[in-house]
Amino acid sequence: MQNWYCYAKTVAEQTAWEEAKEKGVDLVVVNPVLVLGPPLQPTVNASIIHILKYLTGSAKTYANAVQAYVHVRDVALAHILVYETPSASGRYLCGESVLHRGDVVEILAKSFPEYPIPTKCSDEVKPRVKPYKLTTHKLQDLGVEFTPVKQCLYETVKSLQEKGHLPVPKPQEVPLKFNLKSLSLVRK
């Protein structure tokens, strides 16, 4: 698929497991899905571009695809909890939910109707791709309560606006129209 980012992450984790086994290191891995929420860095990263393209008008359609999402604060908490829990072991999948891109743009459009969010799928011929099941019970058992994806998306957009990555559209003034025949003044 030539998805070099995901390939590199997979190879890096495999190498980490091999090294940990060889050196007798107790390795615990948190595997976050696409991370959203207020970014700490001043620049826009690939995860943020995933959402930004739907708000700027650069994406005219959305893909017939699914994606798993998680809030950056949930990822941070997951790392803390596995570090502080001596019994933690193995891999921990870190994600709140898996949504079709159509659901993502629908959430964005409801919260931010002022942006040119696409309403058509790029592939309307094939059946809509179904979300897969994400098993996060290991992190939930440690105490992670995942932030709902709607809140995640909302906080992402607000942060992009605050940092100047996404212009805040000015509300359009709607001219008031009066029907002078229906107005009457009553003097006492």
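## The largest pocket

A pocket here is an open set of grid points, where a 1.4 Å probe fits, with protein on both sides within 12 Å along at least five of seven lines. In this predicted model, the largest pocket holds about 960 Å³ of space. Its lining is made up of 24 residues, and those closest to the pocket centre are Tyr5, Cys6, Lys9, Pro32 and Val33.

Which parts of the chain supply at least two residues each of this lining? They are helix 1 (4-23), strand 1 (28-32), strand 2 (34-36), helix 2 (46-56) and strand 4 (90-94). Helix 1 gives the largest share, with seven residues. Sorted by class, the lining has 13 nonpolar residues, seven polar ones and four charged ones.

## Helix 2 against helix 6

Helix 2, which helps to line the pocket, also packs against helix 6 (residues 149-162), with the two axes coming within 11 Å and crossing at roughly 75 degrees. Angles of 65 to 115 degrees count as roughly perpendicular, so helix 2 is roughly perpendicular to helix 6.

If you would like to find this contact in the structure, look for Ile48, Ile51, Leu52 and Leu55 on the helix 2 side, and for Leu153, Thr156, Val157 and Leu160 on the helix 6 side. Seven of these residues are nonpolar and one is polar, with no charged residues.

## Helix 4 against helix 6

Helix 6 also packs with helix 4 (residues 101-111), at an angle of about 60 degrees and with the axes 10 Å apart. That angle makes helix 4 oblique to helix 6. The crossing of these two helices is right-handed.

On helix 4, the contact uses Val104, Ile107, Leu108 and Ser111, while helix 6 brings Val149, Lys150, Leu153, Tyr154 and Val157. By class, this contact has seven nonpolar residues, one polar and one charged. Leu153 and Val157 of helix 6 appear here, and they also meet helix 2.

## Helix 2 against helix 4

How do helix 2 and helix 4 pack with each other? Their axes are 11 Å apart, at an angle of about 60 degrees, and the two helices are therefore oblique to each other. Helix 2 passes helix 4 in a crossing that is right-handed.

From helix 2, His50, Ile51, Lys53, Tyr54 and Leu55 take part, and they meet Arg101, Val104, Val105 and Leu108 of helix 4. The contact of helix 2 with helix 4 has six nonpolar residues, one polar and two charged. Val104 and Leu108 belong to this contact, and they also touch helix 6.

How values were computed
Residues are numbered from 1 along each chain as its sequence is written. This is a predicted model: local features need pLDDT of at least 70, side-chain atom pairs count only at pLDDT 80 or more; totals for chains, interfaces and linings use all residues. Side-chain values use heavy atoms; hydrogens and water are left out. On a 1 Å grid over the protein atoms alone, a cavity is a set of points where a 1.4 Å probe fits but cannot get out, and a pocket is an open set with protein on both sides within 12 Å along at least five of seven lines; lining residues have an atom within 4 Å of a point. Grid points are joined across faces, edges and corners, and a volume is the space filled by probe spheres set on the points. Helices (H or I, at least four residues) and strands (E, at least two) are DSSP runs, numbered from the N terminus. Ala, Val, Leu, Ile, Met, Phe, Trp, Tyr, Cys and Pro count as nonpolar, Asp, Glu, Lys and Arg as charged, and the others, Gly among them, as polar. Axes are lines fitted to C-alpha atoms, for helices over the stretch in contact, and angles run from 0 to 180 degrees between N-to-C directions. Angles under 35 degrees count as roughly parallel, over 145 as roughly antiparallel, 65 to 115 as roughly perpendicular and the rest as oblique. Contact means heavy atoms within 4.5 Å. A crossing is left-handed if the near helix is turned anticlockwise from the far one by less than a right angle, and right-handed if clockwise.
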